[in-house]
Amino acid sequence: MRSDPLIQIVRHHRARRFLLRYDPVRDRVRLTIPRRASQREALTWAATKRDWIEGQRRRRAEAVPLTPGSAIPFRGEDLTICHDPAGSRRVERIDDRLRTGGPIETVSRRIEQWLRTEARRLLSDDVAEYAARAGVSVKGVSVGDARTRWGSCSGDGRLRFSWRLVCAPDAVRRYVVAHEIAHRLHMDHSPAFRRAEAELVEGYVTALEAQLRALGPGLQRIGR
């Protein structure tokens, strides 16, 4: 157990007991232990949780490579990647297909760039709409690939989102935008923030939160 590469031990000064958390994206288990706890005891305890760990791994979403023949979710629908070596390198959507040409070695990178571009376009439109409804200003919108946060809002009004939101249904993506716009009114999760969020989302917060939690592990496996 000591040499198990699956387990990452983290000491935390506020920890009062051993805690396991599984990361399906990295396929790693984070074992949090009190600062002065015995590492050997922690690993012995973790060994008793092997059935739980293996159960989490079995439920891990399958990876979705951005390669020819793969079907990837896009705005809640599936698009199949098609590759023609003699065709243009430009990525083009035709009905339920994403078509591109050129060297097969660069297909994944170009498909991801297309998804990122579409994500920024859609998210920018969503931000403009919700910011106008909330009566707030925004300094900028960008996309990245954070593993633990779907969106963030800085104090000066810069919003950042995961490009993977473009693979979720529109309502889920727009919920995340509304959540971050609500932070332009309240930089916390106070009752006032929740009221602002619910008004922007028109009362469907709980259902959309649940949908995002359910879809999240699969979205994080796209392109891995």
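Trp 114 counts as buried in this predicted model, with a relative accessibility of 15%. Its ring belongs to one of the two aromatic pairs that the structure holds. A pair of this kind is described by the distance of the ring centres and the angle of the planes. For the rings of Phe 74 and Trp 114, the centres are 5.2 Å apart and the planes stand at 45°, so the pair is tilted. Distant parts of the chain are linked here: Phe 74 sits in strand 4 (residues 71-74) and Trp 114 in helix 3, with their positions 40 residues apart in the chain. Phe 74 is buried as well, at a relative accessible area of 2%.

The other pair is made by Phe 18 and Trp 45, whose ring centres are 5.6 Å apart; their planes are at 50°, so this pair is also tilted. Phe 18 lies in the loop between strand 1 and strand 2, while Trp 45 is in helix 1 (residues 39-47), so parts that are 27 residues apart in sequence are tied together. Trp 45 is partly exposed, its relative accessible area being 26%.

**Strands around Phe 74**

Let us stay with Phe 74 for a moment and look across to its neighbour strand. Phe 74 stands opposite Glu 77 in strand 5. Strand 4 and strand 5 (residues 77-83) run antiparallel and pair over four bridges. Their hairpin has two residues between the strands, and Arg 75 takes a positive phi there, near 55°. Strand 5 also pairs with strand 7 (residues 97-100), this time in the parallel sense and over four bridges. One of the residues involved is Cys 82, whose bridge partner in strand 7 is Arg 99.

**The open sheet**

In which order do the three strands of the open sheet lie? The order is 1-3-2, with mixed pairing. Strand 1 (7-12) and strand 2 (19-23) are the edge strands, each pairing on one side only. From one strand to the next, the twist averages 25°. Strand 1 and strand 3 (residues 28-34) run parallel and are joined by six bridges; Arg 11, for instance, has Ile 33 of strand 3 as its bridge partner. Helix 2 (residues 50-58) packs on this sheet and touches strand 2 and strand 3, its direction making about 20° with that of strand 2.

**Salt bridges**

Side chains of opposite charge can pair when their charged atoms come close. Here the count comes to 16 salt bridges, including the following.

| Salt bridge | Closest N to O |
|---|---|
| Glu 92 and Arg 99 | 3.3 Å |
| Glu 112 and Arg 116 | 3.0 Å |
| Arg 174 and Asp 126 | 3.2 Å |

Glu 92 and Arg 99 are both partly exposed, Glu 92 with a relative accessible area of 34% and Arg 99 at 38% relative accessibility. Arg 99 is already familiar as the bridge partner of Cys 82.

Glu 112 and Arg 116 both belong to helix 3 (residues 107-134), where they lie four residues apart, about one turn of the helix. Glu 112 is partly exposed, with a relative accessible area of 23%.

How far apart in the chain are Arg 174 and Asp 126? They are 48 residues apart, Arg 174 in helix 4 (residues 170-182) and Asp 126 in helix 3, so to speak of this pair is to speak of distant parts of the chain. Asp 126 counts as buried at 4% relative accessibility, whereas Arg 174 is partly exposed with a relative accessible area of 21%. Both residues take part in a network of salt bridges that also links Arg 75, Glu 129, Arg 133, Asp 170, Arg 173 and Glu 202.

**Helix 5**

Glu 202 leads us on to the last element. Glu 202 follows helix 5 and has a positive phi, near 65°. Which residues of helix 5 (residues 191-201) are buried? They are Phe 193, Ala 196, Glu 197, Leu 200 and Val 201. These residues cover an arc of only 125° around the axis, which puts them on the same side of helix 5. Pro 191, Arg 195 and Glu 199, on the other side of the helix, are exposed. Among the elements that cover the buried residues of helix 5 are helix 3, helix 4 and helix 6 (205-220).

Key. Residues are numbered from 1 along each chain as its sequence is written. This is a predicted model: local features need pLDDT of at least 70, side-chain atom pairs count only at pLDDT 80 or more; totals for chains, interfaces and linings use all residues. Side-chain values use heavy atoms; hydrogens and water are left out. Two strands pair if DSSP finds at least two bridges between them. Axes are lines fitted to C-alpha atoms, for helices over the stretch in contact, and angles run from 0 to 180 degrees between N-to-C directions. Contact means heavy atoms within 4.5 Å. A salt bridge is a side-chain nitrogen of Lys or Arg within 4 Å of a carboxyl oxygen of Asp or Glu. Buried means under 20% relative accessible area, exposed over 50%, partly exposed in between (1.4 Å probe, protein chains only). The arc is that of the directions from the helix axis to the C-beta atoms. Rings of Phe, Tyr and Trp (its six-membered ring) pair if their centres lie within 6.5 Å; planes under 30 degrees apart count as stacked, over 60 as edge-to-face and the rest as tilted.
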